[in-house]
Amino acid sequence: LVNAVPYYAIKSGLLTIAKAGKKNIFSGRILEIEGLLDLKIEQAFELSDASAERSAAGCTIKLDKAPVIEYLNSNVTMLQWMISEGYGDQRTIERRIKAMHQWLRQPELVTADANAEYAATIEINMNEVTEPMVACPNDPDDVQPLSKVSGQVIDEVFIGSCMTNIGHFRAAGKLLEAADRTVPTRLWVAPPTKMDSSQLIEEGYYNTFGRAGARMEMPGCSLCMGNQARVADNSTVVSTSTRNFPNRLGTGANVYLASAELAAVAALLGYLPSVTEYMQYANRIDSMADDIYPYLNFDQIDSYNHAAAEAIPLAEIR
């Protein structure tokens, strides 16, 4: 869906790839995304993070109250855990917790005016998106269906950045685990946070990545910013990061942007798969979706709950 946004804008004549006389309906404007009420907050983040690559000034996503309430309850526990661990200024964190509790007692969401006027409206029928969408080198706007770029040999694969969450690493791990072999590409794996990293270690995924020959980076931006490490000069790369501008991940590198699932398949094969090949791999993890894609709800994790309970009484914050 992230890559479907520019793809449908191109189809509508609202976005062009050529730099000369480039047309970009998103530039300097706010994206308001509707029709996805039940997205988890982490999923909504992927869409909002990617709005920067459209040169947009910002992004809002209309959600139901339930995922917002779920996310804030999780965050209250995480913030209490942060206090117990000595992270940041306690008074600042307590103010955040108090504000969250105030909203949770009377949850209200901002909505668009019924008579709002827009510069353009792009409708995306997800029933028509029957294959992965890939941003081609080296422009996040240059999106093509997988079938248009399949067969491209891949040298390196990076799974990480703010576009990923723990479910993506589990999915990649399951695909690598099923193959049970070292991948022919140079595979980089960098969870976005230490909390993701700790949970993946506990669940055994770091062992899976290690057996596949992956290079485990410290949690953070890593190759996404090109500031912790770099891919080989002039290599061809599949990345889950937000951007593929020239020389960002490596000097002269040609970078495709794709989902973590597609990136894992490319790492296994050493090339961008056909749609049929991709679906054969994707079908292997469909039945495991309930175990793969749950997010880190800290209020449901004992270690965080115990630490939070010792941090500060909730009654004092309220």
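This report walks through a predicted model of a protein, from its overall build to its pockets and a few individual residues.

## Overall build

Let's start with the whole thing. The protein has 13 helices and 9 strands. Its C-alpha atoms fit in a box of roughly 60 × 55 × 35 Å along the principal axes. The radius of gyration is 21 Å, which agrees with the value near 20 Å that a compact globule of 318 residues would have.

As for what's covered and what isn't, 49% of the 318 residues count as buried. The accessible surface adds up to about 15,700 Å², and carbon and sulfur atoms account for 48% of that. Take the contacts between residues at least 6 apart in sequence: 71% of them join residues at least 24 apart.

## The largest pocket

If you're hunting for openings, the largest pocket holds about 1,200 Å³ of space. It is lined by 39 residues, and those closest to its centre are Leu1, Glu46, His168, Ser259 and Glu261. Three elements each give two or more residues to this lining: helix 2 (41–50), helix 9 (260–269) and helix 10 (275–286).

Which helix gives the most to the lining of the largest pocket? That would be helix 10, with 5 residues. Sorted by class, the lining of the largest pocket comes out as 23 nonpolar, 10 polar and 6 charged residues.

## The second largest pocket

The second largest pocket has about 680 Å³ of space. Here 20 residues do the lining, and Glu32, Ile33, Glu34, Thr121 and Ile122 are the closest to the centre. Strand 1 (residues 30–33) gives the most to this lining, with 4 residues. By class, the second largest pocket is lined by 15 nonpolar, 1 polar and 4 charged residues.

## Two helices and the glycines after them

Helix 9, already met in the lining of the largest pocket, is mostly covered, with 10 of its 10 residues buried. Among them is Glu261, which is also one of the residues closest to the centre of that pocket. The other names on the buried list include Ala260, Leu262, Val265 and Leu269. Right after helix 9 comes Gly270, with a positive phi near 85 degrees.

Helix 7 (residues 194–202) has its own set of buried residues: Met195, Asp196, Ser197, Gln199 and Leu200. This helix, too, is followed by a glycine with positive phi, in this case Gly204 at near 90 degrees.

## Ser51 and Thr182: two loop residues

Is Ser51 buried or exposed? Ser51 sits in the loop between helix 2 and strand 2 (58–61). Its relative accessible area is 6%, which is below the 20% cut-off, so Ser51 counts as buried. Leaving out neighbours within four places in sequence, Ser51 is in contact with Leu31, Ala56, Gly58 and Cys59.

Thr182 belongs to the loop between helix 6 (166–179) and strand 6 (186–190). With a relative accessible area of 53%, Thr182 is over the 50% cut-off and therefore counts as exposed. Setting aside neighbours within four places in sequence, Thr182 still has contacts with Arg211, Ala212 and Gly213. Asp196, one of the buried residues of helix 7, is 14 residues from Thr182 along the chain, and 23 Å separates their C-alpha atoms.

## Backbone oddities

A few spots in the backbone deserve a look. Pro137 and Asn138 are joined by a cis peptide bond, with omega at about -15 degrees. Asn138 lies in the loop between strand 3 (133–135) and strand 4 (143–145).

Then there are residues other than glycine with positive phi. Asp180 has a phi of about 50 degrees and is in the loop between helix 6 and strand 6. Its relative accessibility is 59%, so Asp180 counts as exposed. Asn247 has a positive phi near 70 degrees and lies in the loop between strand 8 (236–239) and strand 9 (254–257). At 42% relative accessible area, Asn247 is partly exposed.

Key: Residues are numbered from 1 along each chain as its sequence is written. This is a predicted model: local features need pLDDT of at least 70, side-chain atom pairs count only at pLDDT 80 or more; totals for chains, interfaces and linings use all residues. Side-chain values use heavy atoms; hydrogens and water are left out. On a 1 Å grid over the protein atoms alone, a cavity is a set of points where a 1.4 Å probe fits but cannot get out, and a pocket is an open set with protein on both sides within 12 Å along at least five of seven lines; lining residues have an atom within 4 Å of a point. Grid points are joined across faces, edges and corners, and a volume is the space filled by probe spheres set on the points. Ala, Val, Leu, Ile, Met, Phe, Trp, Tyr, Cys and Pro count as nonpolar, Asp, Glu, Lys and Arg as charged, and the others, Gly among them, as polar. Buried means under 20% relative accessible area, exposed over 50%, partly exposed in between (1.4 Å probe, protein chains only). The radius of gyration is taken over C-alpha atoms; the globule rule is 2.2 Å times the number of residues to the power 0.38. Contact means heavy atoms within 4.5 Å. Accessible areas come from the Shrake-Rupley method with a 1.4 Å probe; for residues, only the protein chains shown count as cover.
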